[in-house]
Amino acid sequence: MPGENIILLGVNHKNTPVEIREQIAMSGGYEGPLLALKGVPGLREYYLLSTCNRVELLLVADPLEDVEDRVIDFLFGSRISNEIARKYLYLLHGQDAVHHLFMVAASLDSMVVGEAQILGQLKEAYRHAAHFGCTGPLLNKMLHKSFSVAKRVRTETAIGSSAVSISYAAVQLAKKIFGNLKDKKVLLVGAGEMAELAAEHLVGQGVGEVVVANRTLARAVDLARRFKGRAVSMEELVSQLQYVDIIISSTGATEIILHKEQVKSVMRARMNNPLFFIDIAVPRDLDPRLIEIDNVYLYDIDDLSNVVEINKSERDKEAVKAARIVEEETLKFLNWYQGVSVSPTIQALKKKIDSIALSELERTLAKMPQVTDADRKTLVRMMEAFSAKILHDPLMYLKSESCSGRDNSDQKVTIVRELFGLTRENDER
């Protein structure tokens, strides 16, 4: 596959302010943009990734066509000039483009390093591109490779094992206290967003029941229905403590809503079974003195933030290992690509030299009827050795380490094909 340009261009949360990103937000799905890109001359293969933090296009383009300006025009239309767009776009070629793709798949370019969501988004984008016939052999290989790179990073590092969100940190703490969360009961007090997220994580861990207490009962009913749980009134809060194990509180109250004495009385009814309180509210909902009660565990938003910061630090260490894996896999892919790109030229060169040698041998032998079979075999071996020695230097030149860069490999392929007339020969066919 000689003569192709691999290009990646896009905007993300790091490089581009939101007022520029929203100019190309593609909320309408993939079908329209992918079909529209079919009309851009010079695109052989392409793939589009659109998330809330990034829009990226990965292209395999004809090197004789100026596709970059056309694709930028496609992305921004008349909303932003090409010149201004180029100030914010990252535009990567060859090895840099492959490396960036693998970094994104491995979640090393994400706002939250190590979060797994991006890989699912990448696979979904690929499914759309493949469905509409936008990908071909090279992008198929490159994107599948990015999936395997992400898997290797997950397997060989602990980059995704530490919670870096408040809601998930709460779940991790609950698991430390109870071990297995299956069959544990959760009480949501209030209906804040972080409490909802924590409840989602807990339900994902198999908790037995979700109970929702809220000042507005209708809101409690709606939220309880979402988790297939039940709703109670705020007046039932204390009595419900007897039946649940984990309490996540996130009301907008300005005063403490649950005091030490209230919980202490419940603990006797609970036979001293552990109670885990997570207070996400600011100002706090729960009496800080709850922690003085045996088998009562209380964490507030600052405790959870500290856990998150520690975990982020751990992820940063794992990200160094992950980046090394991405580097390795990028080089492996480029070696494969280089082999694919030079192989047709190597085969064509061998075929031409062998053909010339064989033709000259047959012409010579036709004038030498006295040659025996043994002499003929000797001459054939001499011809083969002669051809091999002629091919040695050109083949070493094509396979040399200096060919490892995709662009450099293209240049060498072009030089060899021109020197040995391979391009002209192909054109004449």
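# Sheets, helix packing and aromatic pairs

User: What is the strand order of the open sheet of 6 strands, and in which sense do its strands pair?

Analyst: The order is β7-β6-β5-β8-β9-β10, and the pairing is parallel. The model is predicted, and local features need pLDDT of at least 70, side-chain atom pairs count only at pLDDT 80 or more, and totals for chains, interfaces and linings use all residues. Residues are numbered from 1 along each chain as its sequence is written, and side-chain values use heavy atoms, with hydrogens and water left out.

User: Why do β7 and β10 count as standing at the edges?

Analyst: β7 (230-232) and β10 each have a single partner strand, so one side of each lacks a neighbour in the sheet. From one strand to the next, the twist averages 20°. Strands are DSSP runs of E with at least two residues, helices are runs of H or I with at least four, and both are numbered from the N terminus.

User: How do you know that β9 and β10 are paired?

Analyst: Two strands pair if DSSP finds at least two bridges between them. β9 and β10 run parallel and are joined by 5 bridges, so the criterion is met. One of the bridge partnerships is that of L275 with V296 in β10.

User: Which helices pack on this sheet, α9 and α13 being the candidates?

Analyst: Helix α9 (residues 193-204) touches β5 (185-189), β6 (209-213) and β8 (246-249), and its direction makes about 155° with that of β8. α13 touches β9 and β10, at about 75° to the direction of β10. Contact here means heavy atoms within 4.5 Å. Axes are lines fitted to C-alpha atoms, for helices over the stretch in contact, and angles run from 0 to 180 degrees between N-to-C directions.

User: What makes α8 and α13 roughly perpendicular to each other?

Analyst: The axes of helix α8 (residues 166-178) and α13 cross at roughly 95° and come within 9 Å. Angles of 65 to 115 degrees count as roughly perpendicular, those under 35 as roughly parallel, those over 145 as roughly antiparallel and the rest as oblique. The two helices are therefore roughly perpendicular. On the α8 side, the contact is made by I166, A169, A170, Q172 and L173; on the α13 side, by I301, L304, S305, V307, V308 and N311.

User: Why are α5 and α6 called oblique instead?

Analyst: α5 and helix α6 (residues 117-131) pack at about 120°, with axes 8 Å apart. That angle falls in none of the other classes, and the helices are therefore oblique to each other. L101, V104 and A105 in α5 meet I118, L119 and L122 in α6.

User: How is the open sheet of 4 strands arranged?

Analyst: Its order is β2-β3-β1-β4, with antiparallel pairing. β2 (43-50) and β4 (90-93) stand at its edges, each having a single partner strand, so one side of each is without a neighbour in the sheet. Strand β1 (residues 5-12) and β4 pair over 4 bridges, and L8 stands opposite L92 in β4. Helix α3 (residues 67-76) packs on the sheet, touching β1, β2, β3 (54-61) and β4, with its direction at about 150° to that of β3. Helix α5 (residues 94-105) lies across β1, β2, β3 and β4, at about 115° to β4.

User: What makes the pair of F276 and Y299 edge-to-face?

Analyst: Rings of Phe, Tyr and Trp (its six-membered ring) pair if their centres lie within 6.5 Å; planes under 30 degrees apart are stacked, over 60 edge-to-face and the rest tilted. With centres 5.7 Å apart and planes at 75°, F276 and Y299 form an edge-to-face pair. F276 lies in strand β9 (residues 275-279) and Y299 in strand β10 (residues 296-300), 23 residues apart.

User: Why is F276 called buried and Y299 partly exposed?

Analyst: Buried means under 20% relative accessible area, exposed over 50%, and partly exposed in between (1.4 Å probe, protein chains only). F276 has 0% and is therefore buried, whereas Y299 has 24% and is therefore partly exposed.

User: Why is the pair of F333 and W336 called tilted?

Analyst: Their planes stand at 40° and their centres are 5.3 Å apart, so the pair is tilted. Both residues belong to helix α13 (residues 301-366), where a spacing of 3 residues puts about one helical turn between them. F333 is buried at 2%, and W336 is partly exposed at 30%. Ring pairs link F102, F333, W336 and Y337 into a cluster.

User: How do you know that K141 lies over the face of W336?

Analyst: A charge sits over a ring if NZ of Lys or CZ of Arg is within 6 Å of the ring centre and within 35 degrees of the ring normal. K141 lies over the face of W336, at 4.9 Å from the ring centre. The charged end of K123 likewise sits over the ring of F147, 5.6 Å from its centre.
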